Amino acid sequence: MKVLGLSFGFHDSAAALLIDGRIVAAGQEERFTRIKHDAGFPHRAIEFCLKQAGISITEVDRTVYYENALKKFDRIVWASTVREQQKSAGGLRGKALALWNAATKPDGVPPYLKSVTHSWFKLNKFDAVGRISNELAVSRWKVAYVDHHDSHLAAAFYTSPFYQAAIVTMDGVGEYETAVIAVGRGSEIERKLAINLPHSIGLFYSAFTAFLGFEVNDGEYKVMGMAAFGQPKYYDEVRRLITLRDDGGFEIEQSCFEFLTPFELPYTKEFLRRFGEPREPEADFAVQRSDLPEDLTDIEAARVLSSSRHYADLAASVQLCTEELVLHLVAKASAIAGTRNVCLAGGVALNSLANGRLIREGGYNLFVHPAAGDAGNAIGAAASYYHRAAKQPRMQALASPYLGSPLDTAEIEAAVATSGFDAVRTYSSDEALVDHVAGLLADGAVIGWVQGQAEWGPRALGARSILADPTNPAMKRIVNERVKFRELFRPFAPAVTAEAASHYFDFETNFTAGAPEYYMLAVHPVRAEMKGVVPAITHADGSARVQIVTAASNPTFHGLLRAFERRKGVPILMNTSFNLRGEPIVDSPRDAIRTFSISGIDYLVLGQTVVASRVEL
Ligand SMILES: [Fe+2]
């Protein structure tokens, strides 16, 4: 049976193809269109999935959308009119009136509903099934949909290695739901508890993300990065906003947030009264004078240092409270399910600091779907339909995150031939390649590394990565200046051979395929005695977002780590995503050449071909 899962319309569109219980391909639209967080119909991702399987759309048995569009619109109308409903007409009549007003008298309705309704009518978002049927020229009967958190639950559980597990999904909001606790057993998922709007841990985190000057649905990682520079001095004030219920649920104090109708800002005047002025986007950030330009006056420098400390303390407080809430939800879910196997999905599952604590302090056997956000719901929608509607036996667990575009030799040759770079050398074996590249890395080069199929999910895992020497304390600055141009408070992550991981990092190694460390989704402490050995990947608080690599999970990358160890004594590389700031991760050889040519990367490795930027090979 062939099931195509689609996620599109809001952010991070994606497609995934499931054939007879095996994920054959999965790709995010942004990689193909080069538009970050592309929300459009995923034509290119669908085309890629079908091509990988060698089939046409007519051979697909069912195409499944990742949420219930009408229920979502119902929530938007409900949210926009909730105050009006309290005052006068309630229930269906209130909603119908509001919708009618939005469509016919746009001046008389709340601005949020007006703007949202306009886009919904324009794109016919109400009828996702009809839109898919039209775009793909397939019968409506071959298109289905599943609820948003059912997609997350399926992505979390069915792709995990567990027969039985507790499942927790957490995000901003789906239709109405923002978090769900369920129990998975074989092909069955049984829901136990759902949290609905306005209570949302995802929106709570995003509100602080916006307050701290970052883009919502993109800058949440930056809050995590900034938290390492602060102390949770505002813990009490932030914690007061959250009530943890005995049944595993939670509530968020609403006076501070604008979750229902976030037309402009997701927080209120009351929030500002409690937490002060929001941080300016792109404002300078520094925790020591030496990080600031020398021409800054002492008064100006003192102001930057003081405000940086204040916002870092707030980020640390928000992060700590979020971790507590996640630990609370997971503890309850684990108790209900009677197992320490835990599966997570939803955007909040990308909180790698919380995941690290679940592993170290909770002792859970954790599985996090590598594309835990809404892109992952392309797999989730297909998997949910496959098991729950089509009643098929349990699908195969996710064997690898390398589900994206393959690396085509002809494309490499064509891209290199037209690149204008003439220092090019192609190796005949992986052994010779990794030995040469390890030498370049050991000599201080920054390498663009493109191998095999692209990664599924937001992290670069050694298929579309930028690599550098982690033992060089200046390397973080070098990579930032040459290619990433990102905020100095953001850490760079390490890739390490699985065999050596516990020697450098303080966590219990669980080498079961599918552990979050395979997907760079858990932060762990760097061992005290190793912080000085790998300074470029040790964050301000002594932690690192570790990726473990085995000879089975990624043989070429593992070979490179071993070759680097022979040169420098450390089987670790700095591994960051291969993209310029604000752009999606590169996908094709052409994308890689383009990024290479306008950045300060020293060498580009495309399969077994090495291209030099300035110097001889
Ligand atoms: Fe979601």
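**An iron site and an open sheet**

His152 counts as buried, because its relative accessibility is 0% (buried means under 20% relative accessible area, exposed over 50%, partly exposed in between, with a 1.4 Å probe and protein chains only). The model is predicted, so local features need pLDDT of at least 70 and side-chain atom pairs count only at pLDDT 80 or more, whereas totals for chains, interfaces and linings use all residues. Residues are numbered from 1 along each chain as its sequence is written, and side-chain values use heavy atoms, with hydrogens and water left out.

His152 (NE2) is one of the protein donors of the iron ion, together with His148 (NE2), Asp171 (OD) and Asp374 (OD), which lie 2.1 to 2.2 Å from the ion; donors are N, O and S atoms within 2.8 Å of the metal (3.2 Å for Na, K and Ca), and sites may look incomplete since water is not among the atoms. His152 belongs to helix H7 (residues 148–157) and Asp374 to the loop between strand S12 (365–368) and helix H14 (377–389), so this pair ties together parts that are 222 residues apart in sequence (helices, H or I, of at least four residues and strands, E, of at least two are DSSP runs, numbered from the N terminus). Asp374 is likewise buried, with a relative accessible area of 9%.

Elsewhere in the description, an open sheet of eight strands follows the order S13-S22-S21-S14-S15-S20-S16-S19 with mixed pairing, where two strands pair if DSSP finds at least two bridges between them. Strands S13 (424–426) and S19 (547–549) stand at the edges with a single partner strand each, so one side of each is left without a neighbour in the sheet.
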